[in-house]
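Student: Pick one part of this model and walk me through it slowly, please. I'd like to know which side chains meet there and how they link up.

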Amino acid sequence: QVQLQESGPGLVKPSQTLSLTCTVSGGSITTNYYYWTWIRQPPGKGLEWMGTISYDGSTYYSPSLKSHTSISRDTSKNQFSLQLSSVTPEDTAVYYCASGATMTYFNYWGQGTQVTVSS
């Protein structure tokens, strides 16, 4: 059973960089044809796909976030990470990491972590 756990600060100041890490257990982030994704849900809104890193390290980003989003991985720690730069209060959301055999269908989810952008 694959398990994912998000970690990172719950409060970020405007204009700073939001950094989150997803630690994976019960499976490898290099497993062939598996995708590892970041998703967020702002208060009162729906889920938003942010970007994905694939089993081979390729990255894919939402066009609306691409200019200030970066997803990377550390295969030695079986982790993948999200960096969102120049954040504004509109980036306040619950952030989830998820995985699946595609970039948009997820078999496994983390529990989510609340990130608030505020001075």
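**A close look at the disulfide and its surroundings**

Tutor: Let's start with the link of cysteine 22 and cysteine 97, which is right-handed, with 65° about the S-S bond. It ties together distant parts of the chain: cysteine 22 sits in strand E3 (residues 18–25) and cysteine 97 in strand E9 (residues 93–100), 75 residues apart. Keep in mind that this is a predicted model. The S to S distance comes out at 2.1 Å, and the structure holds just the one disulfide. Is each end buried or exposed? Cysteine 22 has 0% relative accessibility, so it counts as buried. Cysteine 97 also comes in at 0%, so it counts as buried too.

Now bring in glutamate 6, from strand E1 (residues 3–7). Its contacts beyond its sequence neighbours include both Cys22 and Cys97, along with Thr21, Trp38 and Gly112. With cysteine 97 there's also a polar contact: the glutamate 6 side chain reaches the backbone nitrogen of that cysteine at 3.0 Å. The side chain of glutamate 6 also reaches the backbone nitrogen of glycine 112, again at 3.0 Å.

What about a charged partner for glutamate 6? This residue is buried yet has no salt bridge, and the nearest side chain of opposite charge, arginine 40, is 13 Å away. As a general point, side chains of opposite charge can pair when their charged atoms come close.

So who does arginine 40 pair with? One partner is glutamate 48, with the closest N and O atoms 2.7 Å apart. The other is aspartate 91, at 2.8 Å, N to O. That second pair bridges distant parts of the chain: aspartate 91 lies in the loop between E8 and E9, arginine 40 in strand E4 (residues 35–41), 51 residues apart. The shared partner joins Arg40, Glu48 and Asp91 into one network. Arginine 40 counts as buried because its relative accessible area is 5%, under the 20% cut-off, and aspartate 91 is buried as well. Glutamate 48 has 22% relative accessibility, so it counts as partly exposed.

One last stop, back by Thr21, which is among the contacts of glutamate 6. The side chain of threonine 21 makes a 3.2 Å polar contact with that of serine 81, a residue of strand E8 (residues 79–84). Beyond its sequence neighbours, serine 81 also touches others, including Leu20, Trp38 and Ile71. Trp38 turns up in the contacts of glutamate 6 as well.

How values were computed
Residues numbered from 1 in each chain as written. Predicted model: local features only at pLDDT ≥ 70, side-chain atom pairs only at ≥ 80, totals over all residues. Heavy atoms only, no water. Helix = DSSP H or I, 4+ residues; strand = E, 2+ residues; numbered from the N terminus. Polar contact = N/O pair within 3.5 Å; in protein donor to acceptor, adjacent residues only side chain to side chain. Contact = heavy atoms within 4.5 Å. Disulfide = S-S within 2.5 Å. Buried < 20%, exposed > 50% of the residue type's maximum accessible area, 1.4 Å probe, protein only. Lys, Arg positive; Asp, Glu negative; His and termini not counted. Salt bridge = Lys/Arg side-chain N within 4 Å of Asp/Glu carboxyl O. Lists of a residue's contacts leave out its neighbours within four places in sequence.
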